[in-house]
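Biologist: Got a minute to go through this one with me? I'd like to start with strand pairing and then move on to packing.

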Amino acid sequence: MSHTTPPMKDGISPSRIYLEKLNNQPESLLAFLCQKFPHISPDEWQTRFDGGDIWGDIGGEMTGGVTPLMAETPYVHGRTIYYYRTLQDEIAVPFDYHILFENDEFMVVDKPHFLAVTPSGSYVKQTLLTRLKADTGNADLSPIHRLDRETAGLILISKNVATRHQYQALFAHHAITKVYHAITKVYHAIGIVNHNLTMPMDIRLHLERGEPFYVMRVNADKSANTHTHIDILAVKGDLAKYELRPTTGKLHQLRVHLNHLGIPICHDPYYPTVRHKPKDDFTKPLQLLAKHLVFNDPITGERWEFTSRQNLDLGRACPLQHE
């Protein structure tokens, strides 16, 4: 059977490398991969070759197909090879997703805390996208918008490459309503910027990359590039549940906005300070939930309204409960 690209393997789509013209060109693909990825041992690359996990168009562009390659295959610039990302001892995430709805164009998935959406860094198999691809056999699945690993709730997944851009445009043109719930300490946290919080309120800030690089910070000297409408839903003891309606989608936007107001989200590992914990510690999930999605279908015009089955419970020291 001829393949134009390698097939998925356990839900993992292959990564692609274009073979450039190098001054010190390696003799073989094994030598090249060892040179490009020195943190992976030659024995590991040999095992991948032996297992048929390295593919390429080594037959030339006229063949229109790819095939598994051997370690001794010569390095030829201008061609393309593919490999499958793997991680040794990747920690299993003991929570699963729920598909709330799907049609030919998209699916709406209710994601648990601690499950990253796409493969990155320390997560390859233990991601929502890899699990969905493995379970459905659809290699074309792709998330339409961002949802942090620490955040639970609704995410829109495209099933059709041909129509994907129409759903992406909903977010680009702010034509989709996203509603989040969050639990924080009531009002002000000691040591954070002090504000007189009157609800409902709108917060507009300029967010940019901070230090370390994976967190965001507020730049008060620049014009706002983010906006969130905030209202309070309930108070119990020293905890409060808020409803958040962002109209922009910057990285960590809701987490930074609430932290800036002096009410950082319960169990946030980044704000107000970075606090790393072991990757196998699944206690104390971030109390942020993507609760509702509302939009008009760009193809059919039908109005869609979806609600997460999950709920943030003020009464149980911030655990996540199912309704």
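Biologist: How many bridges join β10 to β13, and which way do the two run?
Modeller: In this predicted model, 5 bridges join β10 to β13 (residues 226-236), and the two strands run antiparallel. Strands here are DSSP runs of E with at least two residues, helices are runs of H or I with at least four, and both are numbered from the N terminus. Two strands pair if DSSP finds at least two bridges between them.

Biologist: Any caveats on the model and numbering?
Modeller: It is a predicted model, where local features need pLDDT of at least 70, side-chain atom pairs count only at pLDDT 80 or more, and totals for chains, interfaces and linings use all residues. Residues are numbered from 1 along each chain as its sequence is written, and side-chain values use heavy atoms, with hydrogens and water left out.

Biologist: OK, back to β10. What is the bridge partner of L205 in β13?
Modeller: T226.

Biologist: And which β10 side chains are buried?
Modeller: M201, I203 and L205 are buried and point to one face, while D202 and R204 point to the other and are not buried. Buried means under 20% relative accessible area, exposed over 50%, and partly exposed in between (1.4 Å probe, protein chains only). In a regular strand, side chains alternate between the two faces of the sheet.

Biologist: Switching to packing: how many residues has the largest nonpolar core?
Modeller: 41 residues, and V109, L132, I230, L244, L258, L261 and L288 have the most contacts inside it. Elements that each supply at least two of its residues include β10 (201-205), α3 (128-136) and α5 (253-260). By nonpolar core I mean a set of buried Ala, Val, Leu, Ile, Met, Phe, Trp, Tyr and Cys residues joined through side-chain atoms within 4.5 Å.

Biologist: What does L244 touch?
Modeller: Leaving out residues up to four places away in sequence, L244 touches K178, V179, Y180, A182, T228, H229, I230, L254, L258 and L288. Contact means heavy atoms within 4.5 Å.

Biologist: Which residues are in the second core?
Modeller: That separate core has 16 residues, including L30, I40, L69 and Y75.

Biologist: New topic: what's the strand order in the open sheet?
Modeller: β1-β4-β2-β3, 4 strands with antiparallel pairing. The edge strands, β1 (15-18) and β3 (67-68), each pair on one side only. β2 (residues 54-56) and β3 pair over 2 bridges, and G56 has T67 as its bridge partner in β3.

Biologist: And how much of the whole chain is buried?
Modeller: 48% of the 323 residues. The chain has 5 helices and 18 strands.
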